[in-house]
Amino acid sequence: MYTIEHIHDYSSIHVLDTNGEADDVELIFDENNVYIRQYDEDDHFNIVLITPQMFEEIIAAYNSPEGAYITK
């Protein structure tokens, strides 16, 4: 399950694990950056910053066979 919110100059996606095996993940993004945030069991969160191009490559890599790739 996931939710999407568009807030002024950024968007937020929450991805929830309906099986309860992983903590929920939030992606906060605008045209320059993508932040990936996940709360831990102590109610703290870890943040990872990537560019939109890196995020697009993550999506492309999900369905790619093993190997090394260069995107354009």
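This is a short tour of the structure above, one selection at a time.

**The whole chain**

Keep everything on screen to begin with, and bear in mind that this is a predicted model. Colour by secondary structure and you should find 5 strands and 1 helix in the protein chain. Followed from the N terminus, the order of elements is β-β-β-β-β-α.

Now zoom out and turn the view along the principal axes. The C-alpha trace spans about 40 × 30 × 20 Å along them. The radius of gyration of the protein chain is 14 Å, whereas a compact globule of 72 residues would have one near 11 Å. Switch on a surface next: its accessible area comes to about 6300 Å², and carbon and sulfur atoms account for 53% of that. Of the 72 residues, 10% count as buried.

How many of the contacts between residues at least 6 apart in sequence join residues at least 24 apart? The share is 1%.

**Stop 1: the loop before strand 2**

Select H8, which you will find in the loop between strand 1 (2-7) and strand 2. Check its backbone: phi is near 45°, a positive value in a residue other than glycine. Is H8 buried or exposed? H8 is exposed, with a relative accessible area of 86%.

**Stop 2: two serines in strand 2**

Move along to S11, a residue of strand 2. S11 is buried, at a relative accessible area of 10%. Show side chains here, and look for the polar contact of 2.8 Å between the side chains of S11 and H6. Beyond its neighbours within four places in sequence, S11 is in contact with E5, H6, L27, I28 and F29.

Then select S12, also placed in strand 2 (residues 10-15). With a relative accessible area of 3%, S12 counts as buried because the cut-off for that class is under 20%. Which side chain does the side chain of S12 meet in a polar contact? The partner is E26, at 2.9 Å. If you display the contacts of S12 and leave aside neighbours within four places in sequence, you get T3, I4, E5, E26, L27 and I28.

**Stop 3: I36 in strand 4**

E26 is a handy bridge to the next stop. Select I36, in strand 4 (residues 34-39), and draw a distance from its C-alpha to that of E26. These two atoms are separated by 5.8 Å, with the residues 10 apart along the chain. I36 is partly exposed, with a relative accessible area of 23%. Its contacts, not counting neighbours within four places in sequence, are V25, E26, L27, N46, I47, V48 and I50.

**Stop 4: N46 in strand 5**

One of those contacts, N46, is worth selecting in its own right. N46 lies in strand 5 (residues 45-50) and counts as exposed at 52% relative accessibility. Setting aside neighbours within four places in sequence, N46 is in contact with I36, R37 and Q38. For another distance label, try N46 and Y35: their C-alpha atoms are separated by 10.0 Å, and the residues are 11 apart along the chain.

**Stop 5: the aromatic pair and an arginine**

Now show the aromatic rings. A search of the whole structure finds 1 aromatic pair. The pair is Y39 with F45, in an edge-to-face arrangement with 5.2 Å centre to centre and 70° between the planes. Both rings belong to partly exposed residues: Y39 has a relative accessible area of 34%, and F45 has 37%.

Which residue lies over the face of F45? Add R37 to the selection, and you will see it there at 4.7 Å from the ring centre.

**Stop 6: after the helix**

For the last stop, go to T71, in the segment after helix 1 (52-62). At 39% relative accessibility, T71 counts as partly exposed. Leaving out residues up to four places away in sequence, T71 touches Q53 and E57. With the side chains shown, pick out the polar contact of 2.3 Å that joins T71 and E57. To finish, add a C-alpha to C-alpha label between T71 and E56: they are 9.5 Å apart in space and 15 residues apart in sequence.

Conventions
Residues are numbered from 1 along each chain as its sequence is written. This is a predicted model: local features need pLDDT of at least 70, side-chain atom pairs count only at pLDDT 80 or more; totals for chains, interfaces and linings use all residues. Side-chain values use heavy atoms; hydrogens and water are left out. Helices (H or I, at least four residues) and strands (E, at least two) are DSSP runs, numbered from the N terminus. The radius of gyration is taken over C-alpha atoms; the globule rule is 2.2 Å times the number of residues to the power 0.38. Buried means under 20% relative accessible area, exposed over 50%, partly exposed in between (1.4 Å probe, protein chains only). Contact means heavy atoms within 4.5 Å. Accessible areas come from the Shrake-Rupley method with a 1.4 Å probe; for residues, only the protein chains shown count as cover. Rings of Phe, Tyr and Trp (its six-membered ring) pair if their centres lie within 6.5 Å; planes under 30 degrees apart count as stacked, over 60 as edge-to-face and the rest as tilted. A charge sits over a ring if NZ of Lys or CZ of Arg is within 6 Å of the ring centre and within 35 degrees of the ring normal. A polar contact is a pair of N or O atoms within 3.5 Å; within protein, one must be able to donate a hydrogen and the other to accept it, and residues adjacent in sequence count only if both atoms are side-chain atoms.
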